[in-house]
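Colleague: Please take one part of this model and go through it closely. I would like short sentences and every term explained.

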Amino acid sequence: KALLIDDFESYRQNWMDTLKTQSLFQDKFRIRTIEGNYRWFFCQANPHYINSVFDGYVGSLVDITDQELSSQAIQELSEKKDEFLSIASHELKTPLTSIKASIQLIARALSPDNKVSKFAVKASEQLLRLERLIADLLDVSKINSGRLVYNNTVFYFREMLDEVVQSIQNTTHTHRIIIEHSDKVIVLGDRFRLEQVIYNFLSNAIKYSPDADRVILSSEVKDNNLIVSVQDFGIGIAQENLSKTFDRYYRVDDTAMRFQGLGLGLFISAEIIKRHNGHFWIESEPGKGSTFFFSLPLNDVTHFVKPETDNQTYYKDSQVDIWYDREKDWIESNWHGFQNFASIKHGCLEMLGLLEKNCCSKMLNDNTHVLGNWADTSDWGSKVWLPAMEKAGLQFFAWVHSESTFSRLAASKIAAYSNEGLITRFFDHK
Ligand code: ADP
């Protein structure tokens with residue numbers, strides 16, 4: 001009468017690995033019933049401690065067959081839709097190229113003072129827009145199937161910025177693009193794709209600020225990251241919509257009817273930035289304007305040049321100060337500036353070291369001065385670091401939020417790791 005678990009070996013291996021670390025166990029698997037049907041189950045087992053001593057697991061098993069089948073059906077439909085998009089955009093490209101060539105021939109054949117000439121110019125401008133829309137659709141289908149190819153070269157960032165600004169400036173009479181900062185820096189990356197990101201940010205800044213007359217662009221080196229920002233004085237984005245703007249097809253509801261677009265530019269930009277190990281985030285106030293940022297790590301190693309530490313009670317580098325407060329008997333940490341995966345992982349492991357060495361159960365983690373977005377650390381933070389901190393004795397974790405929405409989201413994701421043994425609370429710096 002035994003129920004057979006399909007893929008038993010990999011499931012068992014996963015369970016054995018979890019047992020070794022006595023960490024949270026979560027898995028999804030299929031069971032074959034006596035009738036020969038398959039059913040999907042979600043299993044979760046939480047480690048249980050009595051007086052900080054591991055006592056075993058408390059687990060649950062939930063039949064998720066209905067959800068699983070419907071999400072498989074959605075996945076199949078989504079793949080079909082992507083395939084259609086890919087074919088459709090390829091098919092649209094061929095006639096478009098031929099129309100473009102014909103219009104160019106017509107424009108050349110007409111003298112500039114001919115009345116028809118201005119229609120040829122208008123048609124060319126609209127064709128350019130159509131070409132961009134089709135290119136976006138093609139890029140999205142490539143991203144979804146993992147076929148977007150990156151050609152990395154070493155280039156002067158400033159030179160590239162100047163080129164993009166010039167090409168956009170030629171298309172607008174309403175806005176002036178001001179380059180406020182432009183640090184001289186050499187970047188390794190796909191120049192064409194990074195150009196596309198800046199193009200998207202700038203064209204959005206112009207599009208979503210119809211009553212303004214300028215856009216400010218800046219690229220500065222800070223904490224070994226190149227921080228690029230595009231600021232507009234336009235309609236802005238409400239706080240609750242900020243994190244969704246980089247999603248595929250997402251367009252803010254109340255603006256979607258007023259401004260043209262497909263909701264793809266920022267999704268493509270986000271993918272390009274991620275592939276360069278960078279981050280993106282937005283600061284915005286409705287009615288006042290938005291600043292779109294992205295960062296590119298310039299060198300992950302030099303962050304930790306000359307840290308100061310006595311290897312027992314404190315550690316300090318350019319991104320974080322960590323110390324043991326003897327009076328309060330807690331570990332306190334104060335992060336500052338732009339962070340990336342390397343700087344966070346490094347600082348977090350120093351925290352773990354000091355917590356263990358000073359046998360602490362309390363921690364005050366201050367993010368007030370953290371800038372930017374470091375969401376790619378969340379997975380590591382919640383699955384590896386926080387469980388390790390708990391194992392090392394952490395019971396009370398106070399976390400002071402940064403003002404940046406994206407930084408707050410990253411912190412909340414890490415804290416999603418929850419266990420009976422650990423109490424986490426967030427505070428606002430006031
Ligand atoms: P599109 O502009 O084609 O809709 P994007 O992916 O470029 O697509 O942007 C997604 C959404 O984010 C937009 O529909 C808009 O609601 C919002 N958005 C983007 N840039 C800005 C901006 N500078 N100011 C206000 N809202 C913006």
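Modeller: What follows is a look at one helix pair, then at two loop residues.

The model is predicted, so local features need pLDDT of at least 70 and side-chain atom pairs count only at pLDDT 80 or more, while totals for chains, interfaces and linings use all residues. Residues are numbered from 1 along each chain as its sequence is written, and side-chain values use heavy atoms, with hydrogens and water left out.

Start with helix H5 (residues 191-207) and helix H7 (residues 265-275). Helices are DSSP runs of H or I with at least four residues, strands are runs of E with at least two, and both are numbered from the N terminus. The axes of H5 and H7 come within 9 Å and cross at roughly 145°. Axes are lines fitted to C-alpha atoms, for helices over the stretch in contact, and angles run from 0 to 180 degrees between N-to-C directions. H5 brings Arg193, Leu194, Gln196, Val197, Asn200, Phe201 and Asn204 to the contact. H7 brings Gly265, Leu266, Ile268, Ser269, Ile272 and Ile273. Contact means heavy atoms within 4.5 Å.

Now the loops. Gln22 lies between helix H1 (8-21) and strand S2 (25-32). Its phi is positive, about 50°, although Gln22 is not a glycine. Most residues other than glycine have a negative phi. Gln22 is partly exposed, with a relative accessible area of 26%. Asn311 sits in the loop between strand S12 (308-309) and strand S13 (314-316). Its phi is also positive, near 60°. Asn311 is exposed, at 51% relative accessible area. Buried means under 20%, exposed over 50%, and partly exposed in between (1.4 Å probe, protein chains only).
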